[in-house]
Amino acid sequence: MCGIVGYVGKGNAAPFLVEGLKKLEYRGYDSAGIALINDGKFVCKKRKGTVAEISDAADLCSGIGIGHTRWATHGAPSERNAHPHIYGRFAIVHNGILENYALLKEQLESDGETFISETDSEVVAHLLEKFYCGNLLSALREVTEKLVGSYALAVLCLDQPDIIVCARKASPLLVGVKEGACLIASDIPAIAGEGVTAYLLGDGEFALLNAAEAKFYSPQLQPIRKNQLEYDPLISSSDKGGYVHFMKKEMSEIPCSVRNSICDFATKLKFSDFYQVLCQTKYIHIVACGTAYHSGLAVKYAIERLARVPVEVTIASEFRYSNPVICSGTLAIAISQSGETADTLAAAKLFRAKSVPLVAVTNVSYSSLTRIADFVLPTRAGSEIGVAATKSYNAQLTVLYSLAIALENAKGKSGKSLERLKRLPRLATATLEAAETVRSWTSHFVGARCVLFIGRGADYCAAVEGSLKLKEITYLPSEGYPAGELKHGTLALVDERTPVVVLLTNKRLAAKTMNAVHEAAARGAKVFLITSIAEYLENEEVFASVLIPQCSEAFTPLLSVIPLQALAYYTAIACGNDPDKPRNLAKSVTVE
Ligand code: F6R
């Protein structure tokens, strides 16, 4: 969702900017650019496409610069719309959305100003030029007062060629300080390194950076002191570790993410405030988007089965405008890998406004979601760079299953669930090995008219995630559907060009799910089976199959999703796509 970087120091800015942008590319890769100040002039290089397009800019010389990698919101991906935007004495980079930019632009145009790009961001450079009277911070404050929406901004000014000023509201921005330089970035991986102390700029705050120090200011421009940000070195690492793609590397880290995310809340937190809240919880309401929403669906199944507490799961962007009925005794859970998804944050704030206790399940300890939640349950997946979420889904399930077990315990229903949960890392390793079989399936999926993923109960929860994974990186139309519902309309899609992926892990429901297999096979569809029940492997209507390990019924999506992630990955490669950078998408969707 756009990444920004900045450098001011005794060294050379350009290599840091280019390398930093590469580490933020998961946030968008529609265009990239950097601007430096050299001999009293701006030197700017920007291109449509990925940061690789501006790699040669790393040779430019200057001790100060800012950079941007874009996920297009206003205006097509093009060089013209690429940041930095330069106007008069100012160069700016922006991450966020300015909701009132059209009005501001109209006013500026009526004053005779002309705009180069179609972006919302360019108004900031024009407004700075209008308000600047020698004090850069005051001008930036005056400009931000005019803005409605979200922003992380970094500004260069030719009149003050040794400083960068920044502002932030509802889009993340971090400041790094090291010997002889100050840095800024939208996320830790771009600034993390030996000797770097990191600080998180708060909502409405400003920062002024020079080669020697970073100064922080309140929304009223009063100097403030900031605490150093503790960050997990795991989160900050972002290399491919010998793999061709981040997605494959991140899938290989699933067992470790699951192992690290298991939490014995019931014992650890007994008598704590959180445990008391669990004891009093009568309903759970989960809000999330995309893959995180699918984690919510899967955990609903587990919580209701283990703790018999009713759970509602709502897509965050729908929840916000649904005028929801919230019963007393509700515990709210917001799930978000990044902790920055705008819709999830807004839904979480709605719960806060109604004094509902809020639990955040997130992979980023310093995220906005973390800061508004009453209780934070961290997923320990480490840095996830591939745009398609993989290991973070498995880690979310692990943390949420741990919560389900704590609830089970708080409701006096203790069983063997924790022991069963602790077996999952080992079973995930075995599933990863088994999942390699799907590599040979891809030729049946490339060019398919539509792909259906079906299952019942927990298998249905994994099916919807498998479908999302496939469509986002292969661009093949696909649907995740309850197996029993197929015959009520969707069966009309099925013919010999519609591969049907069937999830079958529940013996109790297996015969019923097999009805859907008969219905699909009878219409010429090839059936691909992912099952933990060996007796179905040889079924004559099954075209190909993978046997995955058995686990507790409540936890099956954590394993059954793995062959689906692998299927999406290998099919994307067979389609000639880069699985790490699907078109039109970015990780961390900080716009509503
Ligand atoms: C899909 C994917 C997205 C995210 C969604 C929410 O692979 O990654 O659907 O799950 O954008 O993101 P977070 O979890 O950061 O709130």
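Visitor: Buried or exposed: which word fits Tyr 199 and Phe 216?

Guide: This is a predicted model, where local features need pLDDT of at least 70, side-chain atom pairs count only at pLDDT 80 or more, and totals for chains, interfaces and linings use all residues. Residues are numbered from 1 along each chain as its sequence is written, and side-chain values use heavy atoms, without hydrogens and water. With buried meaning under 20% relative accessible area, exposed over 50% and partly exposed in between (1.4 Å probe, protein chains only), Tyr 199 and Phe 216 are both buried.

Visitor: How many aromatic pairs are there?

Guide: Rings of Phe, Tyr and Trp (its six-membered ring) pair if their centres lie within 6.5 Å; planes under 30 degrees apart are stacked, over 60 edge-to-face and the rest tilted. By this rule, the count is 11.

Visitor: What kind of pair do Tyr 199 and Phe 216 make?

Guide: Their ring centres are 5.4 Å apart. The planes meet at 50 degrees, so the pair is tilted.

Visitor: How far apart in sequence are the parts tied together by Phe 274 and Phe 375?

Guide: This aromatic pair is tilted too, with 4.9 Å between centres and 45 degrees between planes. Phe 274 is buried at 5% relative accessibility, and Phe 375 is buried at 17%. Phe 274 belongs to helix α9 (residues 273–280) and Phe 375 to strand β19 (residues 375–378), helices (H or I, at least four residues) and strands (E, at least two) being DSSP runs numbered from the N terminus. The pair therefore ties together parts separated by 101 residues.

Visitor: Which residues do ring pairs link into a cluster?

Guide: Here one tryptophan joins three phenylalanines through ring pairs. The cluster holds Trp 441, Phe 445, Phe 528 and Phe 543.
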